[in-house]
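Reader: I'm new to this structure. Could you walk me through how to read it?

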Amino acid sequence: SKYFAVYDTEASLEKVALPANTKKVTWENTHIVRSYSVHTNLPGHEKPTFDCNEDPQELVNGLVDHLLVLADEHREILMEDFSEVFEDIEAAIDEENEHDPQEEGEKPKQIPLEKYKEMLLDYIEEFTVVGFNSGKYDVNAMKRHFVTAMQDKDPISFVVKKENNYMAIKGKKLKFLDMMNYLAPGYSYDKFVKAHNCEIQEGFF
């Protein structure tokens, strides 16, 4: 789909709930996610959304809730865009059933167009959410809260992971991707922004 959302999170370094130190590793701080920003090219969303919360679980719940609202809007737009396609598919399925009706006691027939219809519906249901270096940082920083939120609101169906990098996370409606996986090695966010002639440059906190 031509519609998608982009997101970013910010975290604070705090000395809470640190793992036990080892002979080789001493833990100084842990990253606690404190805010998120989301922007989308869906119609009617010209301005980005920002939220912050002292409770990381409430924050991530809010992030997932907001993305699911966008996913529903995305679905409505595509259902309208593909309405004639669905009408043609239904008409073709009805015609197939008329020409070759199912006999009594016969197993239900597998009509290829029905499978195509299911695939198209899955495509319409899926809303892509893109981050930059999110697979290595953002997802890991909020992983415990993110998994809880997704399991409650949009259960995860599969994950593509390479070492500590979450390359793709797929729920029923949301699909999270990391732009870094589609760029040349060493291609920084600053270079990415400048390459697209964006007026706003990378910020520092």
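Author: Sure, let's begin with the largest cavity: its lining has six nonpolar, two polar and one charged residues. Here Ala, Val, Leu, Ile, Met, Phe, Trp, Tyr, Cys and Pro count as nonpolar, Asp, Glu, Lys and Arg as charged, and the others, Gly among them, as polar. Bear in mind that this is a predicted model, where local features need pLDDT of at least 70, side-chain atom pairs count only at pLDDT 80 or more, and totals for chains, interfaces and linings use all residues. Residues are numbered from 1 along each chain as its sequence is written, and side-chain values use heavy atoms, leaving out hydrogens and water.

Reader: Which residues line the largest cavity?

Author: On a 1 Å grid over the protein atoms alone, a cavity is a set of points where a 1.4 Å probe fits but cannot get out, and lining residues have an atom within 4 Å of a point. In this model they are Tyr-7, Ser-134, Gly-135, Val-139, Tyr-166, Met-167, Phe-176, Leu-177 and Asp-178. Strands E6 (165–170) and E7 (174–178) are the elements that give two or more residues, and E7 gives the most, with three. Strands (E, at least two residues) and helices (H or I, at least four) are DSSP runs, numbered from the N terminus.

Reader: What is the volume of the largest cavity?

Author: A volume is the space filled by probe spheres set on the grid points, which are joined across faces, edges and corners. For the largest cavity that gives about 40 Å³.

Reader: How do the axes of H2 and H3 cross?

Author: Axes are lines fitted to C-alpha atoms, for helices over the stretch in contact, and angles run from 0 to 180 degrees between N-to-C directions. Helix H2 (residues 83–99) and helix H3 (residues 112–125) have axes that come within 10 Å and cross at roughly 160°. That makes H2 roughly antiparallel to H3, a term for angles over 145 degrees. Contact means heavy atoms within 4.5 Å, and residues making it include Phe-86 and Ile-89 of H2 and Leu-120 and Ile-124 of H3. The residues of this contact divide into ten nonpolar, no polar and three charged.

Reader: And which residues of H1 meet H3?

Author: His-74, Arg-75, Leu-78 and Met-79 in H1 meet Leu-121, Tyr-123, Ile-124 and Glu-125 in H3. The axes of H1 (residues 56–81) and H3 come within 8 Å, crossing at roughly 140°. The two helices are therefore oblique to each other; oblique covers angles that are not under 35, over 145 or 65 to 115 degrees.

Notes. 1 Å grid on protein atoms, 1.4 Å probe; cavity = no way out; pocket = protein on both sides within 12 Å on 5 of 7 lines; lining within 4 Å.
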